[in-house]
Amino acid sequence: MGGALLIIAALWQCKTKGAASATASDAAQKVYVAPGTYDEFYNFVSGGFNGQVSVYGLPSGRLLKIVPVFSVFPENGYGYSEETKAMLNTSHGWVPWDDQHHISLSLTDGIQDGRWMFANANNTPRVGRVDLKSFRTMEIMEIPNAGGNHSSPFITENSEYIVAGTRFSVPMDDQPDVSIQSYKDNFRGTASFISINPQDGHMNLAFQVLLPGINLDLSRSGKGPSHDWFFFSCYNSERANTLLEVNASQNDKDFIVAINWKKAEELAKAGRGMKKSVRYAHNTYDERTHTATTKWETEAIMLDPRELKDFVYFIPCPKSPHGCDVDPTGKYFVGSGKLAAVIPVFSFEKMQAAIAAKNFEGEYDGIPVLKYDAVLHGEVQKPGLGPLHTEFDADGNAYTSFFVSSEIVKWNVESLQVLDRVPTYYSIGHLCVPGGDTKKPWGKYVIAYNKITKDRYLPTGPELAQSAQLYDITGEKMRLILDFPTVGEPHYANAMPASLIKDQSLKFFKLEENNHPYVAKGEGQAKVVREGNKVHVYMTAIRSHLTPDNIEGVRIGDEVYFHVTNLEQDWDVPHGFAIKGAATAEILIMPGETQTLLWKPDRAGVVPLYCTDFCSALHQEMQGYMRVSPAGSNVPLKFSTGEPEVQ
Amino acid sequence: MKTLYGLLLLLLVGTAACGGGETGSSASPATAGPTPEEKMLAEGKGIGEVKFVELKTPLETERVTRGKAIYDMKCAACHKLDDKRVVGPGWKEVTVRRKPEWIMNMVTNVEMMLDKDEEAQKLLQLCLTRMPNQNVSIGDARDVLEFMRSNDGEK
C-alpha cells in the first residue's frame with residue numbers, strides 16, 4: 001500500500017516539474033516506447049565504414065533494420081546471391097565494400113515525400129538508391145572523373161538532381177597518368193549532377209561541372225528563392241598534394257562554390273558541354289525478375305565554367321569549411337570553417353546583388369570570386385571550437401555541431417545570437433533534426449552522431465561501439481534524454497515521421513508477378529536440370545519443406561545453382577537456404593521471391609542442406625540432402641520430396 | 001486496502017477499454033441470442049466474409065481451370081489431391097467433409113479461422129503447422145473450390 005502511494009507520488013512530482021529540468025525519470029518517459037507500440041520517427045543513419053545504412057526508431061533508439069547498399073551482407077545474401085552480385089559491379093571490377101557517409105531523402109516541394117533514400121559511396125565513387133517501400137537497394141551508379149565522392153548525395157527541392165562532388169581532385173579519366181607534382185595543372189574536381197526520373201527514381205548522369213583542383217567537402221541545394229542553386233564547401237584552395245594537414249591550412253579563407261544548376265542544365269541541354277569518353281557501371285535491380293543487371297555507360301557531358309561563363313561563383317569562407325547548410329527559408333547558407341573562430345552566415349539575396357554588380361575580389365582559376373563582405377549576412381561570434389554541420393528547426397533556429405569542443409550550439413539564424421549549448425559524449429560529427437535539412441523541419445529532437453564513446457558503454461576491448469545521442473529540443477534548453485550505440489560509423493543521418501511511410505511498406509512479392517527465369521511457381525515446377533557441368537535446382541520453400549529435398553547425380557566439378565522460390569504469400573515468412581561447405585553466405589528469400597545460391601561441391605559425399613530462418617514449428621525438419629559423386633560418375637540425376645517422387 | 005482494489009478495478013476497466021485487435025463481435029451479451037458469427041460457426045460455415053456460396057451443376061469449367069492453376073502455385077506444396085496428409089490434409093472428399101463456405105473462409109481468412117473455428121483448430125493440432133495466408137482473393141478461392149469439386153468427381 002505504502003509502495004503504491006510512493007509510486008503515485010513520484011509520478012505526480014514528474015508531472016509538476018517544468019520542461020527545463022531534466023530528471024532521469026522524465027527522460028525515461030520521453031524515450032519509452034511501450035512493448036508492441038511504434039516509434040514516432042524513422043531515423044536513417046549512414047553506416048560509414050560498414051558500407052550500409054541502418055534504420056533506427058526514434059525516440060527509442062531501437063535498431064530496426066540494416067539496409068546493405070555498398071557492402072555485401074552475409075546475413076541475407078545481398079552481394080552473394082547470383083541475383084544481387086551485379087549491384088556491386090564497378091569499372092574496377094566487383095567491389096564488395098565501400099565507405100558510406102551521407103544519405104538524402106527524396107523531396108517534393110522541399111518536403112520529405114517518402115519515396116526514396118539516396119546514399120553515397122566515398123571510396124569507389126558511387127551513388128545508390130533505396131526504395132522506401134521495400135527498404136532495398138534498387139540502383140547503384142558509379143561516378144566517372146571522380147575521386148572520393150564525399151559531397152554527395154545531396155538533393156534538390158523537387159528531387160530533380162542529386163549531386164556527387166569530389167573530395168579528391170584527380171586527373172580526368174581521359175588523361176589519367178600524370179606526375180603528382182603536376183597537381184595544379186592536371187588535377188580537377190568535378191561536381192556531378194544526377195537526374196532522378198520522377199516516375200521510377202531512375203538515375204542518369206546528366207552533366208558534370210569541371211572545377212579547379214580543390215577539395216569539395218559537403219553541399220546543399222538551395223530552396224525557395226535559392227531553388228536554382230547548389231552550394232558546395234571546399235578546402236585546399238592552396239591546391240596542395242602532400243601534407244594537407246599543414247599545406248591545405250595556409251589560406252585565411254577557402255570557398256563556398258555556388259553553382260546555378262538550372263543554368264548548367266540549360267547549357268548541357270543546349271549541347272554546350274564537352275562529350276567525354278568514360279566507362280562506368282550503372283546497376284539496377286528489377287523487382288519482377290528479382291535480378292540486378294549492369295549497364296556499361298560510356299559518355300559524360302562536362303561543363304567548363306571557365307569557358308561557359310556566369311553559372312559558377314566562389315565565395316570566400318574562413319578556414320577550411322566543412323558543412324555547407326541552407327536554412328529552411330532558402331535565404332541563408334552557413335559555412336562551417338573547421339579551423340574558424342566564427343560561423344559565417346551568407347545571404348542569398350546579397351549574393352544575387354553581388355553577382356549583378358560584379359562585386360568580385362578577383363578570379364580563382366578563371367572563376368569569379370565574390371567579395372566576402374558583399375555576401376555575408378553576419379557571423380556567429382565565439383560559437384565554439386571546430387564547427388562542422390548545421391541543421392535547423394522550424395522556428396528560425398540553427399543547431400551546429402562542434403567537434404573540438406564536443407557540443408551542440410543552438411543559435412538564431414536572423415539575429416546570429418547563441419541561445420544554448422549542450423555537451424556531447426564525445427566529439428560529435430554530424431547531427432540531425434528530423435527534416436532539419438528541408439523546407440519543413442519536423443523538429444522535436446536533435447540527434448548527435450559521435451566519433452568517440454570511450455566510457456559511455458560497457459567496455460568491449462579496443463574496438464568500441466560508435467554512438468548517437470538524442471536531445472529534446474522542444475523547450476528553450478536542449479536536454480539529453482538518450483544514448484544509443486550504432487553499428488558502423490554514423491555520419492550524416494536524417495529522420496522522418498513514421499506516418500509518412502509505414503503504411504506503404506511492401507509485405508511480400510506476388511508470386512503471379514515473379515518473372516525470374518528460374519522461378520518455380522508451385523511445387524509442380526520444382527526440378528533439377530543439367531546443362532553441361534551446370535546443375536540448376538528449381539527449388540521451392542514453404543512451411544516446412546524444401547522441394548526437392550533429395551538430390552542425386554551431382555558430380556565434383558559441377559556448379560550447382562540453387563534457385564529457391566519462397567511460395568509463401570504472407571508477411572514476415574522468409575525462408576533461408578544454406579548448404580554445407582558453401583563458400584559464400586546464406587540467402588534469405590522473401591515470400592514470392594526467387595534467390596540463387598551458387599555452390600561448388602569439393603568432395604564426394606552426401607551433403608546436408610536446410611532452411612536457415614526459423615519459420616515454423618517444424619523448421620528443424622526443413623532440411624534435405626544432396627549426393628555428390630566423383631567426377632565422371634554415372635549416378636543418374638534424380639530428385640524427389642516425399643512420395644511419390646517429383647519427376 | 002479498499003482503495004487499492006479500487007485502483008485495480010480501474011486498471012482492469014482501462015485495460016479492457018484499450019484492448020484492441022479483436023473485432024469484439026463474439027463477446028455477445030448473455031441475454032441476446034447467438035450472433036450471426038456464432039450462427040455461422042455452429043452451422044459449420046466457418047468465419048469470414050463468405051456467408052453463402054451458390055454451387056452450380058454442371059461444374060463451371062473455366063473456374064476449374066483457373067482453380068487448378070492457383071492450386072499448383074499456392075496450395076500443392078502442402079495439400080495433395082488424394083487422401084494423404086503431407087503438411088496439410090489431402091483434398092480428397094474435402095467438399096464432402098466441409099461446407100463450401102467453410103472451405104472458402106479457411107482459404108481467405110485463415111488466421112481468424114485458426115483462432116475461432118473448432119474444426120480448423122483440430123486440424124492445427126493434427127498438422128502442427130499453421131496454414132499460411134497465401135493471399136488468395138475471394139474470387140480465386142471460389143475457383144479453387146470449383147477445382148476441389150472436380151477433384152471429388154463432380155461433373
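**Helix α5 of chain A and its surroundings**

In this predicted model, helix α5 (residues 261-269) of chain A has A:Trp261, A:Ala264, A:Leu267 and A:Ala268 as buried residues.

Reader: Seen down the axis of α5(A), within what arc do its buried residues fall?
Author: The residues concerned are A:Trp261, A:Ala264, A:Leu267 and A:Ala268. They line one face of the helix, because their directions, seen down the axis of α5(A), fall within an arc of 115 degrees.

Reader: Which exposed residues does the face of α5(A) turned away from its buried side carry?
Author: A residue counts as exposed if 12 or fewer other C-beta atoms lie within 10 Å of its own. On the face of α5(A) turned away from the buried side, the exposed residues are A:Glu266 and A:Lys269.

Reader: Which residue with positive phi follows α5(A)?
Author: The helix covers residues 261-269 of chain A. After α5(A) comes a residue whose phi is near 75 degrees, and that residue is A:Gly271.

Reader: Against which strands do the buried residues of α5(A) pack?
Author: The buried side of the helix includes A:Trp261 and A:Leu267. In chain A, the strands it packs against are β11, β13, β14 (203-211), β16 (229-235), β17 (253-260) and β19 (291-303).

Reader: How many of the eight residues of strand β11 (residues 161-168) of chain A are buried?
Author: Strand β11(A) is among those that the buried residues of α5(A) pack against. It is largely enclosed by the rest of the structure, because the buried residues among its eight number seven.

Reader: How many bridges join β11(A) to strand β13 (residues 187-196) of chain A?
Author: With strand β10 (residues 147-151) of chain A, β11(A) pairs in the antiparallel sense over three bridges; there, A:Ser151 has A:Gly165 as its bridge partner. Towards β13(A), A:Ala164 stands opposite A:Ser192. The strands β11(A) and β13(A) run antiparallel, and the number of bridges joining them is five.

Reader: What radius of gyration does chain A have?
Author: Its C-alpha atoms fill a box of roughly 85 × 80 × 45 Å along the principal axes, and 52% of its 647 residues count as buried. A compact globule with 647 residues would have a radius of gyration near 26 Å, which agrees with the value for chain A, 27 Å.

Reader: Which helix gives the largest share of the side of chain B that touches chain A?
Author: In the contact between the chains, 16 residues of chain B meet 22 residues of chain A. The largest share of the chain B side, three residues, comes from helix α3 (residues 61-75) of chain B.

Notes
Residues numbered from 1 in each chain as written. Chains lettered and ligands numbered in written order. Predicted model: local features only at pLDDT ≥ 70, side-chain atom pairs only at ≥ 80, totals over all residues. Contact = placed C-beta atoms within 7 Å. Helix = DSSP H or I, 4+ residues; strand = E, 2+ residues; numbered from the N terminus. Buried ≥ 20, exposed ≤ 12 C-beta atoms within 10 Å, placed from the backbone. Pairing = 2+ DSSP bridges. Rg over C-alpha atoms; globule rule 2.2 N^0.38 Å. Arc of directions from axis to C-beta.
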